[in-house]
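Here is a short note to help you find your way around this model. Have the viewer open as you read, and take the points in order.

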Amino acid sequence: MPRIVGVDIPDKKPIRYAIRYIHGIGPTNGEAILQRCGIEPMKRANQLSETEVASIAALIDAEFLVEGALRRQISQNVQRLKDIRSYRGDRHRKGLPVRGQRTRSNARTRKGKKKTVAGKKGVKAK
Amino acid sequence: MTRSLKKGPYVDERLYMRVEKLNQQNKREPLKTWRRACTIVPEFIGHTFKVHNGKGFIDVFVTEDMVGHKLGEFSPSRSFKGHTNKKEGVAAA
């Protein structure tokens, strides 16, 4: 199994899909990397030669922000919003949607699992 | 959707002039304003604005990090004091 940038171990899938297991590499970046390294996208990840793996790793190292570094940057950006006490930072702090979505219903991704309130309209108290 | 780059940032002209006037005199004093939609530009750094939130004025001290945001982002217009509690009436905020 080839290892690319640290711990990422994509498997026997075609490299075009395997490469997306790296946090920060999606379809667009993945295809671009393969094209620039001159690697056949449908080649299985475990059939890549050492040099091919090395060329991918070198390109990602040089030009892409992935994994820990990317996560760090994202949390720094969020932290900045919190530190300046902006509205968006406040929404991050409260775990509510940040971009103006409604919260009367839905917003479950941000709010997490439903917390039923007894006695509220339509809810029978247990 | 983001604002068209062609237009540039929205900076309220009168507010900007007020800040420039203070900058020229090297003075710092709170500026009362209703212009929540005005983008914060580097010239505003170090000034304190009293930004209206629909009810009163909230002090906003502008730091470098705030450049590019709008004044209204720092003056919350809603206050959530918690849900009501059947037993104790209104929950503690």
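**Notes on chain B's helix and the two cores**

1. A good place to start is the cover over the helix of chain B: the buried residues of α1(B) are covered by, among others, β1 (31-33) and β2 (48-52) of chain B. Helices (H or I, at least four residues) and strands (E, at least two) are DSSP runs numbered from the N terminus. Buried means under 20% relative accessible area, exposed over 50%, and partly exposed in between, with a 1.4 Å probe and protein chains only.

2. Before going on, please note that this is a predicted model, in which local features need pLDDT of at least 70 and side-chain atom pairs count only at pLDDT 80 or more, while totals for chains, interfaces and linings use all residues. Residues are numbered from 1 along each chain as its sequence is written, chains are lettered from A and ligands numbered from 1 in the order in which they are written, and side-chain values use heavy atoms, with hydrogens and water left out.

3. Which residues of α1(B) are buried? They are L15(B), V19(B) and L22(B). Seen down the helix axis, the buried residues fall within an arc of 60° (taken from the directions from the axis to the C-beta atoms), so they line one face of α1(B). On the other side, E13(B), R14(B), M17(B), K21(B) and Q24(B) are exposed.

4. The length of this helix checks out too. Helix α1 of chain B has 12 residues (13-24), and at 1.5 Å a residue it should span 16 Å, which agrees with end C-alpha atoms 16 Å apart; the expected span is 1.5 Å times one less than the number of residues. After α1(B) comes N26(B), with a positive phi near 55°.

5. Stepping back, chain B has one helix and five strands, in the order α-β-β-β-β-β from the N terminus. Of its 93 residues, 27% are buried.

6. Now look at chain A. The largest nonpolar core (buried Ala, Val, Leu, Ile, Met, Phe, Trp, Tyr and Cys residues joined through side-chain atoms within 4.5 Å) has 17 residues, and I15(A), I19(A), I25(A), I33(A), I56(A) and I60(A) have the most contacts inside it. The elements giving two or more residues to this core are α1 (15-18), α2 (27-37) and α3 (50-63) of chain A, and α3(A) gives the most, with four.

7. Apart from that core lies another, of 16 residues, among them V19(B), V41(B), V51(B) and M66(B). V19(B) is also one of the buried residues of α1(B).

Definitions and conventions: Contact means heavy atoms within 4.5 Å.
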